[in-house]
Amino acid sequence: MPHSMKTPETKAGGARRTVRVLDDLDAVTAAGRERFLAAAERAIRDHGVFRVALAGGSTPKKLYAALVGAPIDWSKVLVFFGDERCVPPTHADSNYRMAREALLSKVVIPGSNVHRIYAESGDVRAAAQEYEDELERVWGLIHHEMPRFDLVLLGMGPDGHTVSLFPGTQALAETKKRVVANHVEKLGAWRITFTPPVINAAREVVFLVAGADKAGVLREVLEGPRDPQRLPAQLVQPDDGELVWIVDRAAAAELAPRA
Ligand code: 6PG
């Protein structure tokens with residue numbers, strides 16, 4: 001039986017924040033699957049469609065695989081991506097490719113429901129603008145309105161980045177645009193990424209974090225002083241939504257003991 005500890009819900013800048021600590025990646029995956037299914041059911045019941053943004057990186061891969069065969073009407077699911085690397089969709093580093101291989105190619109989902117970021121185009125700013133426009137179209141947004149995702153899935157890197165909001169990068173300060181091209185000096189690369197206000201407009205945001213290499217940064221992000229330039233994951237504070245951290249015991253090793 002995976003051991004689970006749940007902090008009492010705490011307020012973090014308006015967000016309801018819950019931290020769940022589970023035994024290992026399998027338990028994190030199972031809990032992530034449950035939240036995904038619950039969010040899908042609630043959204044489809046409430047407004048007929050489930051709009052979800054997927055995370056890249058390696059942690060959610062098992063979750064995507066675990067969603068194959070799940071009781072979801074995929075024709076009512078609109079899939080987006082929180083960030084993308086500037087590579088073709090067939091490239092090993094492509095977040096879209098990972099999600100397609102693990103999940104999207106294995107369920108019956110109309111191609112038009114899958115909104116990928118065309119990050120391979122060469123013109124990174126145009127690619128970001130195109131995705132910005134895509135969100136505008138799907139939600140029917142005007143001016144600087146933000147889309148309200150039913151669920152945004154996130155991961156966190158050992159340097160405290162989430163989506164492609166890396167420490168010290170320009171995108172951290174973005175308040176108006178929904179999607180930007182972000183140059184990440186330490187990678188020597190551009191990324192296309194959601195901005196903080198898009199994530200914070202979501203109804204529910206779920207971080208999946210596993211592994212001992214995340215322990216120090218997880219403590220700093222959750223329990224340390226606020227320093228989002230260095231710890232971008234601290235920027236995630238939904239304005240009117242729920243924030244859930246699902247972490248494994250190795251990643252939680254340095255958190256203060258909980259009741
Ligand atoms: C990406 C991401 C990124 C990722 C973290 C965690 O494209 O790399 O979206 O924010 O979620 O780096 O990645 P892991 O799950 O591989 O540790």
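Hi everyone. Let's start with a contact between two side chains: glutamate 242 and arginine 16 form a salt bridge, with N and O 3.9 Å apart. Glutamate 242 belongs to strand β11, residues 242–248, while arginine 16 belongs to strand β3, residues 15–22, so this pair ties together parts that are 226 residues apart in sequence. Please keep in mind that we are looking at a predicted model.

For those of you thinking about solvent, here is how the two partners sit. Glutamate 242 has 13% relative accessibility and counts as buried, because buried means under 20%. Arginine 16, at 36%, counts as partly exposed.

This pair also has company. Arg16 and Glu242 are linked with Arg35, Arg42 and Glu204 in a network of salt bridges. Across the whole structure there are 21 salt bridges, and I'd like to show you two others.

The next one joins arginine 178 and glutamate 136, at 3.0 Å from N to O. Here, too, distant parts of the chain are linked: arginine 178 is in the loop between β7 (151–154) and β8 (179–184), glutamate 136 is in helix α4 (residues 124–139), and the two are 42 residues apart. Is arginine 178 buried or exposed? At 1% relative accessibility, arginine 178 is buried. Its partner, glutamate 136, is partly exposed, with a relative accessible area of 30%.

My third example is arginine 230 with aspartate 227, where the closest N and O atoms are 3.1 Å apart. Both ends count as partly exposed: arginine 230 at 40% relative accessibility, and aspartate 227 at 30%.

Now, on to the ligand. Which residues come nearest to it? There are 15 residues around the ligand, and the nearest are Ser58, Thr59, Arg85, Val163 and Lys214. For polar contacts, let me take you through three. Threonine 59 places a polar side-chain atom 2.4 Å from a ligand oxygen. Histidine 161 also uses a polar side-chain atom, this one 2.8 Å from an oxygen of the ligand. With glycine 56 the backbone is involved: one of its polar backbone atoms is 3.3 Å from a ligand oxygen. How much of the ligand does the protein cover? On its own the ligand has 420 Å² of accessible area, and the protein covers 88% of that. The space that the ligand takes up is the largest pocket.

Let me come back to valine 163, one of those nearest residues, because there is a backbone detail here: valine 163 is buried, with a relative accessible area of 10%, and its phi is near 35°, a positive value in a residue other than glycine. Valine 163 is in the loop between β7 and β8.

Histidine 143 is another non-glycine residue with a positive phi, about 45°. You'll find histidine 143 in the loop between α4 and β7. At 69% relative accessibility, histidine 143 counts as exposed.

One last stop, back in the loop between β7 and β8, where we also find glutamate 174. Glutamate 174 is partly exposed, with a relative accessible area of 22%. How far is glutamate 174 from proline 257 in space, C-alpha to C-alpha? The distance is 35 Å, and the two residues are 83 residues apart in sequence.

That's my tour, friends. Thanks for listening!

Technical notes:
Residues are numbered from 1 along each chain as its sequence is written. This is a predicted model: local features need pLDDT of at least 70, side-chain atom pairs count only at pLDDT 80 or more; totals for chains, interfaces and linings use all residues. Side-chain values use heavy atoms; hydrogens and water are left out. A salt bridge is a side-chain nitrogen of Lys or Arg within 4 Å of a carboxyl oxygen of Asp or Glu. Helices (H or I, at least four residues) and strands (E, at least two) are DSSP runs, numbered from the N terminus. Buried means under 20% relative accessible area, exposed over 50%, partly exposed in between (1.4 Å probe, protein chains only). A residue is near a molecule or strand if one of its heavy atoms lies within 4 Å of it. A polar contact is a pair of N or O atoms within 3.5 Å; within protein, one must be able to donate a hydrogen and the other to accept it, and residues adjacent in sequence count only if both atoms are side-chain atoms. Accessible areas come from the Shrake-Rupley method with a 1.4 Å probe; for residues, only the protein chains shown count as cover. On a 1 Å grid over the protein atoms alone, a cavity is a set of points where a 1.4 Å probe fits but cannot get out, and a pocket is an open set with protein on both sides within 12 Å along at least five of seven lines; lining residues have an atom within 4 Å of a point. A molecule sits in a cavity or pocket if more than half of its atoms lie within 2 Å of its grid points.
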